[in-house]
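Hi,

Here is the structure I promised to pass on. Have a look at it first, and then read my notes below.

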Amino acid sequence: MAQTDKAPEKKQQILQAATVLLREKGLQALSFENIAAEAGFSRQLVRYYFSDLDALVAELCDFLAGTYRDILVAGVVEVAQVERLNFFLDFFFGLSDRYPMPPNLEVYDAMVAYAVGSTDMRDRMCLQYKTLGDVITHELAIAYPELKGRACEELSYLFVSMMHSHWSFVASLGHTRDHGRLTRRAIDRLIASYLAEATPTDGVERPWARN
């Protein structure tokens, strides 16, 4: 097999090694030496594919997003249209038995911390979360056509905020991941409250706006 044919496979192995390293040892362990040791490659080979850690972590962000996307697509194909919203919500709170969420909560926590000093990483993560928010906005509009567009946008932002900033951060600190059920039920209550509000007031807040 030609060297060029092996390149995608080796890059994927490096990214998988970085995933394991961040999940098990945290951001403080992230280095070319440690990634190379985890992958079973030389440091020089890792540097051949990634010029610096910024480039590696940025591609890792896309790699992990692709993993989630593949599972979601497989699940969406199976469930009925009216059940898609519940599938999305259950999946991201770790409650989908047939399509379990990858065990990468700690990795995303580490990448959020890394994004503090990396504009490119921050932009990538914002884009990914906004894309997820757009999907949830769309699914809310299908499941609850009586909801206004602004209400769907607000709920999508609250979902993403609770899904990552609340539930996954708390779960990755060592609390049982059964707590995802608490936040999942809270999302249902939020949706119910928006449905019960006859004349929702448009606030000055802009869901998904950035400074």
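Tyr48 has a relative accessibility of 63%, so it counts as exposed, the cut-off being over 50%. This is a predicted model, by the way, so please read everything here with that in mind. Tyr48 sits in helix H3, which covers residues 43-49. If you want a feel for the span of the model, go from Tyr48 to Thr137: the two are 41 Å apart, C-alpha to C-alpha, and 89 residues apart in sequence.

Now for the inside. Glu139 caught my eye: its relative accessibility is 5%, so this residue counts as buried, under the 20% cut-off. Glu139 belongs to helix H7, residues 119-143. What does Glu139 touch, not counting residues up to four places away in sequence? The list is Arg84, Leu85 and Phe88.

Next, the aromatics. Searching the whole structure turns up 11 aromatic pairs. One of them is Tyr68 with Tyr108, an edge-to-face pair with 5.7 Å centre to centre and 90° between the planes. Tyr68 is in helix H4 (residues 53-78) and Tyr108 is in helix H6 (residues 105-115), so this pair ties together parts of the chain 40 residues apart in sequence. Both tyrosines are tucked away: Tyr68 counts as buried at 8% relative accessibility, and Tyr108 counts as buried at 9%.

There is also Phe92 with Phe159. Their ring centres are 6.0 Å apart and the planes make an angle of 75°, so this pair is edge-to-face too, the cut-off being over 60 degrees. Phe92 comes from helix H5 and Phe159 from helix H8 (residues 149-172), so here the parts tied together are 67 residues apart in sequence. Phe92 and Phe159 are buried as well. One aromatic cluster takes in Tyr68, Phe87, Phe88, Phe91, Phe92, Phe93, Tyr99, Tyr108 and Phe159.

Some of these names come back in the largest nonpolar core, which has 62 residues. Which of its members touch the most others? They are Ile35, Leu60, Phe92, Met111 and Phe159. Helix H4 gives this core its largest share, 10 residues. Met111 is worth clicking on: leaving aside neighbours within four places in sequence, Met111 is in contact with Val57, Leu60, Cys61, Leu64, Met121 and Met125.

On to H6 as a whole. Why is this helix described as largely enclosed by the rest of the structure? Because eight of its 11 residues are buried. Those buried residues are Leu105, Val107, Tyr108, Asp109, Ala110, Met111, Tyr114 and Ala115.

Last, a helix pair. Two packed helices are described by the angle between their axes and the distance between the axes. For H5 (residues 84-92) and H9 (residues 180-196), the angle is about 140° and the axes are 10 Å apart. Roughly antiparallel would need an angle over 145 degrees, so H5 and H9 count as oblique to each other. On the H5 side, the contact is made by Asn86, Leu89 and Asp90, and on the H9 side by Arg184, Ile187 and Ile191. Sorted by class, that contact has three nonpolar residues, two charged ones and one polar one.

Cheers

Technical notes: Residues are numbered from 1 along each chain as its sequence is written. This is a predicted model: local features need pLDDT of at least 70, side-chain atom pairs count only at pLDDT 80 or more; totals for chains, interfaces and linings use all residues. Side-chain values use heavy atoms; hydrogens and water are left out. Axes are lines fitted to C-alpha atoms, for helices over the stretch in contact, and angles run from 0 to 180 degrees between N-to-C directions. Helices (H or I, at least four residues) and strands (E, at least two) are DSSP runs, numbered from the N terminus. Angles under 35 degrees count as roughly parallel, over 145 as roughly antiparallel, 65 to 115 as roughly perpendicular and the rest as oblique. Contact means heavy atoms within 4.5 Å. Ala, Val, Leu, Ile, Met, Phe, Trp, Tyr, Cys and Pro count as nonpolar, Asp, Glu, Lys and Arg as charged, and the others, Gly among them, as polar. Rings of Phe, Tyr and Trp (its six-membered ring) pair if their centres lie within 6.5 Å; planes under 30 degrees apart count as stacked, over 60 as edge-to-face and the rest as tilted. Buried means under 20% relative accessible area, exposed over 50%, partly exposed in between (1.4 Å probe, protein chains only). A nonpolar core is a set of buried Ala, Val, Leu, Ile, Met, Phe, Trp, Tyr and Cys residues joined through side-chain atoms within 4.5 Å.
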